[in-house]
Amino acid sequence: MTFRSLSASLLLAACSALAQQSGVLSIEPPQKLTVKRNEQPVQTLKVSIRPGYHANSSKPSEAYLIPFRLTWEPGPLEAAEVVYPPAKTEKFSFSETPLSIYDGSFDVVTKFRKTATAQPGPAVMTGKLRYQACNDKMCLPPKTVEVKLPLVIE
């Protein structure tokens, strides 16, 4: 490896790290969810991707692409269904085929159900949002963000 190619690689890695740290994707902290008796609670997660960037959709158009995925750890609720927004199809210079993406601001909705062991009172559900952010020239390393959902079970 030449000094020039090593320098270029280090610069690209530094740019990628800086872009990821500067908040390419942000999540609005979820509001407390009140779970009433015999109710199937629903929580909306508000997500924003910085202009100039996008994330692969939950159903990427190529098998090698990292899907946008929200999962929830076991707790007093279990995720019955996660509903992702409709994806956009966009053509980028680095891909021969259009890609299925999310960009801008959008909602991810989780439909929960109470578990048999759910006890009345306050609790917290922990979720993980995995995604890969890209711009029109490069993709950043995949990232997983933790989501804390405060709730009260009645």
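This section describes the fold, strand pairing, nonpolar core, disulfide and selected residues of a predicted model.

The secondary structure of the chain consists of one helix and twelve strands. The helix stands at the N-terminal end of the order of elements, and the strands follow it. Of the 154 residues in the chain, 36% are buried. Among contacts with a separation of 6 or more, 72% join residues 24 or more positions apart. The chain exposes about 9,100 Å², of which 56% is supplied by carbon and sulfur atoms.

Strand β3, which spans residues 42-49, pairs with two other strands described here. With strand β1 (residues 25-27), β3 runs antiparallel, and three bridges join the two. In this pairing, S26 stands opposite S48 of β3. With strand β9 (residues 105-114), β3 is again antiparallel, and the pairing extends over seven bridges. Here K46 stands opposite D107 of β9. In a regular strand, side chains alternate between the two faces of the sheet. In β3, Q43, L45, V47 and I49 make up a covered face, whereas V42, T44, K46 and S48 make up an uncovered one. The residues of β3 that stand opposite S26 and D107, namely S48 and K46, thus both belong to the uncovered face.

The largest nonpolar core comprises 29 residues, and I49, F68 and V108 are those with the most contacts inside it. Strands β2 (33-35), β3, β5 (69-72), β9, β10 (121-131) and β12 (143-153) each supply at least two residues of this core. The largest share, four residues, comes from β12. I49 of the core also lies on the covered face of β3.

I49 is in addition one of the residues touched by H54. H54 lies in strand β4, which covers residues 54-56. The relative accessible area of H54 is 3%, so this residue is buried, given that the term applies under 20%. Leaving aside residues up to four places away in sequence, H54 touches I49, F92, F94, I101, Y102, D103, Q132, A133, C134 and N135. The contacts of H54 therefore include aromatic residues, among them F92, F94 and Y102, as well as the cysteine C134.

C134 takes part in a disulfide with C139, the sulfur atoms of the two residues being 2.0 Å apart. The count for the model comes to one disulfide. The torsion about the S-S bond is about 100°, and the disulfide is therefore right-handed. The two cysteines are not alike in exposure: C134 is buried, with a relative accessible area of 1%, whereas C139, at 33% relative accessibility, counts as partly exposed. The C134 end of the disulfide is the one in contact with H54.

A further local feature is found at N38, in the loop between β2 and β3. N38 has a positive phi of about 55°, although this residue is not a glycine. The relative accessible area of N38 is 75%; because this value is over 50%, the residue is classed as exposed. N38 and H54 therefore fall into opposite classes, N38 being exposed and H54 buried.

Note on methods. Residues are numbered from 1 along each chain as its sequence is written. This is a predicted model: local features need pLDDT of at least 70, side-chain atom pairs count only at pLDDT 80 or more; totals for chains, interfaces and linings use all residues. Side-chain values use heavy atoms; hydrogens and water are left out. Buried means under 20% relative accessible area, exposed over 50%, partly exposed in between (1.4 Å probe, protein chains only). Contact means heavy atoms within 4.5 Å. Two strands pair if DSSP finds at least two bridges between them. A disulfide is a pair of cysteine sulfur atoms within 2.5 Å. A nonpolar core is a set of buried Ala, Val, Leu, Ile, Met, Phe, Trp, Tyr and Cys residues joined through side-chain atoms within 4.5 Å. Accessible areas come from the Shrake-Rupley method with a 1.4 Å probe; for residues, only the protein chains shown count as cover.
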